[in-house]
Amino acid sequence: MESFEAFVEGPRARGAFVLRLEMDGEWSIRVADEAMLTVLAVLEGSCSVTTASGVVRAVAGEVVVVRGPGPYSVSSDPERSADFIIPPDQSCIDVHGNRLVESMQRGVRTWGTTERGRDRFLVGTYADPLEIGRLWVQLLPELLVEATDSSTRAFADLLAAEAATEAPGQAVVLDRLLDALLVAALRAAGPGIARQGDPLIDRVIEQLHANPRRAISVEAMARSGALSRAAFSQRFSRRTGLGPGAYQRRLRLAWAADELRATARTVAAVGEEAGYGSPASFSSAFKQEYGQSPHGWRTVGSRGAGGGGAAGRA
């Protein structure tokens, strides 16, 4: 699998939250939903998106990608204080704590201050992504805005239309359209979008993700960059927050976690393919990483991570 394909394969929507927003006048929404990734497509008008790392202004035809789980604001003016707040429980409240979901509901998956706003945009939130996707997303910049091409705009328009309807299988349709919109936006940004910190280290990470089950020694990784083991490990840890061996173990366990949910293969078979010599050693490592056994993970199907930037979900 090529590196860009390996990258965009990771963030896969499952039960994603999709909402159309209709806003008029001056407004500001503080989002603290702890979601891993949010995609915001401006349909008409404009908005500012503010994170800890900066502010971007997006206009109609542009897509903003926000990497979580930190809070961010979407507003008509980045200097404006929040009018609405989306806390981790996915409710929508005003600054006094009053619930606003019912009063600002404007139709199916549509919310805002008016029926047809001057500023109109679409928000898609990755609330429960693939585990490998969590690792990939951490390589993205915290805030990215991209002018879209015709195919990206077509996905945004189709997703906006589908979000306002109810039909059998709607959740699956919304998931796949959100994935298509995200891939199109990242493609517009260029195949090196993840390489914001250390291109040499990111090339190694791409190789690891292209085949998560293949073990590569730290020495071999270092040689690929013509570095000593110590220098390579230091740069790898600075980029990812983990040593190369620890990252590789987490990647294999993430692959195993996704495989357990996606297939009916036995725990022993998944553990063996993930590089563990016995079901006991696999179970022990898995429980240390995810807080539950592989059997429990398959049954519950979640690490309990936060997600869902959801004005209309409360």
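Two strands count as paired if DSSP finds at least two bridges between them. The legends below describe close-up views of a predicted model.

**Figure 1. Strands E4 and E5 form a hairpin.** Six bridges join strand E4 (residues 46–51) to E5, and the two strands run antiparallel. Two residues lie between E4 and E5 in this hairpin. One bridge can be followed residue by residue: Ser48 has Arg57 in E5 as its bridge partner.

**Figure 2. Six strands make up an open sheet with mixed pairing.** The order of the strands across the sheet is E5-E4-E7-E2-E8-E9. Strand E5 (54–59) and strand E9 (93–94) are the edge strands, and each of them pairs on one side only. At the E9 edge, strand E8 (residues 84–86) and E9 pair in the antiparallel sense over two bridges. Here Phe84 stands opposite Asp94 in E9. As a general guide to reading such a view, the side chains of a regular strand alternate between the two faces of the sheet.

**Figure 3. Seven strands make up another open sheet, also with mixed pairing.** Its strand order is E10-E11-E1-E12-E3-E6-E13. Strand E10 (105–107) and strand E13 (143–147) have a single partner strand each, so one side of each edge strand is left without a neighbour in the sheet. On average, neighbouring strands of this sheet are turned by 25° against each other, direction ignored.

**Figure 4. A loop links the antiparallel strands E10 and E11.** E10 and strand E11 (residues 110–112) pair over two bridges. Gln105 stands opposite Trp111 in E11. The loop between these strands contains Arg109. Phi of Arg109 is near 50°, which is a positive value in a residue other than glycine.

**Figure 5. Helix H4 lies across several strands.** Helix H4 comprises residues 170–189. The strands that H4 lies across are strand E1 (17–23), strand E3 (37–44), strand E6 (62–67), strand E12 (119–126) and E13. Relative to E13, helix H4 runs at about 85°.

**Figure 6. A cis peptide bond joins Gly68 and Pro69.** The omega angle of this bond is about 5°. Pro69 lies in the loop between E6 and strand E7 (72–75). Gly68 and Pro69 are also among the residues that line the second largest cavity.

**Figure 7. The second largest cavity holds about 40 Å³ of space.** Rolling a probe the size of a water molecule over the atoms shows where empty space is left. The structure holds two cavities of 30 Å³ or more. The second largest cavity is lined by Asp33, Glu34, Ala35, Thr38, Val66, Arg67, Gly68, Pro69, Gly70 and Tyr72. By class, this lining has four nonpolar, three polar and three charged residues.

**Figure 8. A positive phi value occurs at Ala226.** Phi of Ala226 is near 55°, and this residue is not a glycine. Ala226 is placed in the loop between helix H6 (218–224) and helix H7 (229–240).

**Figure 9. Helices H8 and H10 cross at roughly 95°.** The axes of helix H8 (residues 244–262) and helix H10 (residues 279–290) come within 11 Å of each other. Angles of 65 to 115 degrees count as roughly perpendicular, and H8 and H10 are therefore roughly perpendicular to each other. Helix H8 contributes Arg250, Leu253, Ala254, Ala256, Ala257 and Leu260 to the contact, while H10 contributes Phe282, Ala285, Phe286, Glu289 and Tyr290. By class, the contact has nine nonpolar, no polar and two charged residues.

Technical notes:
Residues are numbered from 1 along each chain as its sequence is written. This is a predicted model: local features need pLDDT of at least 70, side-chain atom pairs count only at pLDDT 80 or more; totals for chains, interfaces and linings use all residues. Side-chain values use heavy atoms; hydrogens and water are left out. Axes are lines fitted to C-alpha atoms, for helices over the stretch in contact, and angles run from 0 to 180 degrees between N-to-C directions. Helices (H or I, at least four residues) and strands (E, at least two) are DSSP runs, numbered from the N terminus. Angles under 35 degrees count as roughly parallel, over 145 as roughly antiparallel, 65 to 115 as roughly perpendicular and the rest as oblique. Contact means heavy atoms within 4.5 Å. Ala, Val, Leu, Ile, Met, Phe, Trp, Tyr, Cys and Pro count as nonpolar, Asp, Glu, Lys and Arg as charged, and the others, Gly among them, as polar. On a 1 Å grid over the protein atoms alone, a cavity is a set of points where a 1.4 Å probe fits but cannot get out, and a pocket is an open set with protein on both sides within 12 Å along at least five of seven lines; lining residues have an atom within 4 Å of a point. Grid points are joined across faces, edges and corners, and a volume is the space filled by probe spheres set on the points.
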